[in-house]
Amino acid sequence: MKEVLLKVRNLSKTFRSDKGILKALDDVSFDVCKGETLGVVGESGCGKTTLGRCVVGLLKPDHGTIVFSDASKHKQIIFQDPYNSVDPYWTVEKIVCETCNDRKKAVKLLKEVGLTEDEKDSFPHELSGGQLQRVGIARALGGDPDFIVCDEPVSALDVSYQSKIISLLEDLQQENDLTYLFISHDLAVVRHIADRIMIMYKGQIMEIGETSQVVNKPAHPYTRFLLSAVPAPFGEKKQFDIRDDEVVSEGCPFAPRCPYRKDVCLKNRRMLKEIYEGHMAACYNINTDGGQ
Ligand SMILES: Nc1ncnc2c1ncn2[C@@H]1O[C@H](COP(=O)(O)OP(=O)(O)OP(=O)(O)O)[C@@H](O)[C@H]1O
Ligand SMILES: [Mg+2]
């Protein structure tokens, strides 16, 4: 049995706006095991960043608990937008020192993430997005974390930088025994790096399980929809109606878009149900073999 590092239970967070109350997280529960990468996938606005910020303590949830095991030391976050997450008037060295408070260590970390000593005196605007994201990674490592929320660490970068940053994160994980909550809207990126994948839609978990299970035997229609957008071998390609986006307050949030919906889907939310060891989905239409 793997050691659980993080337990999240019944997490909810609402925001108030002129349009009313928005449930950014709606009763979210999951575990993260030590040393694993849990990928969090879903379209823009589904609550991924809100989840990441709650987990590292930057946002206070309305309800629910976030418990790290006693063995856990420090948690850090790599932010979605490298330019907006640093002070433009700080040098690279100062940015990294924010977490480690040690100039020698900052320089060592900058080398570790592939920057040169010359770059320590640069300002953010003098760096490329890829270089600045490396600074963000060095800053996270400066806090000696054992857990890092990687919030879309490559989505603001050119494709040419993306795979380099992903392999850097993979190497650092091996060397430092890190646990990642790896957030992305891109299933193609997450399926490479994650041990398990959690699919979110409108603040709720639609499906969670081992990457191979979720990718090869997707149980939720929304996961199938996401996979059908990924250029990879995937059997069924069902046409999804993505126009209808009405709000369903009590039912499944995906029901208005779902080609398989029944009346019950619009009325009652389906809680996550185990289909296969550790593979769960929130859908009324699932057979135990994972098919529709
Ligand atoms: N501080 C805030 N005040 C009001 N609404 C917010 C706030 N932060 C987030 N939201 C709203 O909550 C929802 C979830 O936002 P969040 O940033 O967590 O989504 P996301 O999945 O990270 O999206 P993206 O893929 O675009 O980064 C969105 O509808 C967003 O507009
Ligand atoms: Mg986000």
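Two residues are in contact when heavy atoms of each lie within 4.5 Å. By this criterion, in the predicted model, L58 touches R53, I77 and F79, its neighbours within four places in sequence being left aside. L58 sits in the loop between helix 1 (48–55) and strand 4. The residue is partly exposed, because its relative accessible area is 45% and the partly exposed class runs between 20% and 50%. I77, one of its contacts, is 19 residues away along the chain. The C-alpha atoms of L58 and I77 are separated by 9.6 Å.

The overall fold was examined next. The chain contains nine helices and 11 strands. Its C-alpha atoms occupy a box of roughly 60 × 40 × 40 Å along the principal axes. The radius of gyration is 20 Å. A compact globule of 292 residues would have a value near 19 Å, so the chain agrees with that expectation. Buried residues account for 51% of the 292 residues. Among contacts with a separation of 6 or more, 63% join residues 24 or more positions apart.

Aromatic side chains provide specific examples of pairing. The whole structure holds five aromatic pairs. One of them joins F68 and F147 in an edge-to-face arrangement. The ring centres are 5.2 Å apart, and the planes meet at 75°. This pair links distant parts of the chain. F68 belongs to strand 4 (residues 63–68), whereas F147 belongs to strand 6 (residues 147–151). The two residues are 79 residues apart. Both F68 and F147 are buried. Elsewhere, ring pairs connect Y201, Y222, F225 and F254 into a cluster.

Helix 2 was considered together with its surroundings. This helix spans residues 92–100. Its buried residues are V92, E93, I95, V96, C97 and C100. In an α-helix there are 3.6 residues a turn, so residues three or four places apart point the same way. The cover over the buried residues of helix 2 includes helix 3 (103–112) and helix 4 (129–142). N101 follows just after helix 2, in the loop between helix 2 and helix 3. N101 is not a glycine, yet its phi is positive, at about 55°. Its relative accessibility is 70%, and N101 therefore counts as exposed.

A positive phi also occurs at N10. Here the angle is about 50°, again in a residue that is not a glycine. N10 lies in strand 1. N10 counts as partly exposed because its relative accessibility is 41%.

Open and enclosed spaces were then analysed. Rolling a probe the size of a water molecule over the atoms shows where empty space is left. The largest pocket has a volume of about 690 Å³. Its lining comprises 27 residues. The closest of these to the pocket centre are D31, R196, I208, G278 and M280. Strand 1 (4–17), strand 2 (20–33) and strand 9 (204–210) are the elements that give two or more residues to this lining. Strand 2 supplies the largest share, with six residues. By class, the pocket lining has 11 nonpolar, four polar and 12 charged residues.

Enclosed space is also present. Two cavities of 30 Å³ or more were counted. The largest cavity contains about 70 Å³ of space. Its lining consists of H220, P221, C252, A255, C258, R261, C265, R270, A282, C283, Y284 and N285. Eight of the lining residues are nonpolar, two are polar and two are charged. Among the cysteines in this lining are C252, C258, C265 and C283. The charged residues include R261 and R270.

Conventions
Residues are numbered from 1 along each chain as its sequence is written. Chains are lettered from A and ligands numbered from 1 in the order in which they are written. This is a predicted model: local features need pLDDT of at least 70, side-chain atom pairs count only at pLDDT 80 or more; totals for chains, interfaces and linings use all residues. Side-chain values use heavy atoms; hydrogens and water are left out. On a 1 Å grid over the protein atoms alone, a cavity is a set of points where a 1.4 Å probe fits but cannot get out, and a pocket is an open set with protein on both sides within 12 Å along at least five of seven lines; lining residues have an atom within 4 Å of a point. Grid points are joined across faces, edges and corners, and a volume is the space filled by probe spheres set on the points. Rings of Phe, Tyr and Trp (its six-membered ring) pair if their centres lie within 6.5 Å; planes under 30 degrees apart count as stacked, over 60 as edge-to-face and the rest as tilted. Helices (H or I, at least four residues) and strands (E, at least two) are DSSP runs, numbered from the N terminus. Buried means under 20% relative accessible area, exposed over 50%, partly exposed in between (1.4 Å probe, protein chains only). The radius of gyration is taken over C-alpha atoms; the globule rule is 2.2 Å times the number of residues to the power 0.38.
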